[in-house]
Amino acid sequence: MQAVNMLQAKSSLSRLVEAIEQGREREIIIARNGHPAAKLVPVETAPISQRLGVAKGKFEVPESIDTHNAEVARLFLGGDQV
């Protein structure tokens with residue numbers, strides 16, 4: 001873990017982000033007046049293939065799913081607007 005002061009972080013942000021992206025640093029602490037103020041860490045991303053379709057085959061959409069659309073729209077929009 002690397003620690004840098006605010007001025008150093010401002011002047012070398014690209015280098016710090018590159019170190020995180022390339023895995024040379026797991027986290028970088030940014031300090032203000034000698035006290036930790038922020039942490040620079042990599043963004044955790046989940047592969048899209050693991051998120052899409054996870055509920056496929058788990059339930060059936062009823063034929064009547066759109067039956068109350070006008071009422072729901074009225075409730076959201078207020079009054080008799082549809």
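Where does Glu-27 lie? In this predicted model, Glu-27 is found in the loop between α2 and β2. I shall begin with the whole chain and return to that residue at the end.

Let me start with the overall layout. The chain contains four helices and three strands, and along the sequence these follow the pattern β-α-α-β-β-α-α. Of its 82 residues, 15% count as buried. If one takes the contacts between residues at least 6 apart in sequence, 30% of them join residues at least 24 apart. The accessible surface of the chain amounts to about 7,300 Å², and carbon and sulfur atoms account for 54% of that area.

I turn now to the interior. Which residues make up the largest nonpolar core? There are six: Val-4, Ala-9, Leu-16, Ile-20, Ile-28 and Ile-30. The elements that contribute two or more residues to this core are α2 and β2. As a general background, nonpolar side chains in soluble globular proteins tend to be buried together.

Helix α2 deserves a closer look. Its buried residues are Leu-16, Ala-19 and Ile-20. Viewed down the axis of α2, these buried residues fall within an arc of 100°, and therefore they line one face of the helix. The general geometry is helpful here: an α-helix has 3.6 residues a turn, so residues three or four places apart point the same way. The face of α2 that is turned away from the buried side carries two exposed residues, Ser-14 and Glu-21. As for the cover over the buried residues of α2, it includes β1 (2-5), α1 (6-11), β2 and β3. After the helix comes Gly-23, with a positive phi near 80°.

Two residues of this helix illustrate the packing. Leu-16, which is found in α2, is buried with a relative accessible area of 0%. Setting aside neighbours within four places in sequence, Leu-16 is in contact with Gln-2, Val-4, Ala-9, Ile-28 and Leu-40. One of these partners, Ile-28, is 12 residues away from Leu-16 in sequence, and the C-alpha atoms of the two are 7.7 Å apart in space. The second example is Ile-20. With neighbours within four places again left out, Ile-20 is in contact with Glu-25, Arg-26, Glu-27, Ile-28, Leu-40, Val-41 and Pro-42.

That list brings us back to Glu-27. Is Glu-27 buried or exposed? Glu-27 has a relative accessible area of 16% and counts as buried, because the limit for burial is set at under 20%. Not counting residues up to four places away in sequence, Glu-27 touches Met-1, Gln-2, Ile-20, Lys-39, Leu-40 and Val-41. With Lys-39, Glu-27 forms a salt bridge, in which the closest N and O atoms are 3.8 Å apart. Glu-27 sits in the loop between α2 (13-21) and β2 (28-32), whereas Lys-39 belongs to strand β3 (residues 35-40), so the pair ties together parts that are 12 residues apart in sequence. The 3.8 Å separation satisfies the criterion, because a salt bridge calls for a side-chain nitrogen of Lys or Arg within 4 Å of a carboxyl oxygen of Asp or Glu. By this rule the count comes to one salt bridge.

Two features of the loops remain. The loop between β2 and β3 holds Asn-33. Although Asn-33 is not a glycine, its phi is positive, at about 55°. Asn-33 counts as exposed, with 72% relative accessibility.

Where is nonpolar area found on the surface? Phe-59, Val-61 and Ile-65 form a nonpolar patch there, and together they have about 330 Å² of accessible area. Phe-59 lies in the loop between α3 (48-51) and α4 (69-77) and is exposed, with a relative accessible area of 59%.

To conclude, I would leave you with two points from this predicted model. The largest nonpolar core has six residues, with α2 and β2 each giving two or more of them. Glu-27, a buried residue, forms a salt bridge with Lys-39.

Notes. Residues are numbered from 1 along each chain as its sequence is written. This is a predicted model: local features need pLDDT of at least 70, side-chain atom pairs count only at pLDDT 80 or more; totals for chains, interfaces and linings use all residues. Side-chain values use heavy atoms; hydrogens and water are left out. Buried means under 20% relative accessible area, exposed over 50%, partly exposed in between (1.4 Å probe, protein chains only). Contact means heavy atoms within 4.5 Å. Accessible areas come from the Shrake-Rupley method with a 1.4 Å probe; for residues, only the protein chains shown count as cover. Patches are made of residues with over 30% relative accessible area and no salt bridge: like charges are joined within 9 Å, nonpolar side chains (Val, Leu, Ile, Met, Phe, Trp, Tyr) within 5 Å. A nonpolar core is a set of buried Ala, Val, Leu, Ile, Met, Phe, Trp, Tyr and Cys residues joined through side-chain atoms within 4.5 Å. The arc is that of the directions from the helix axis to the C-beta atoms.
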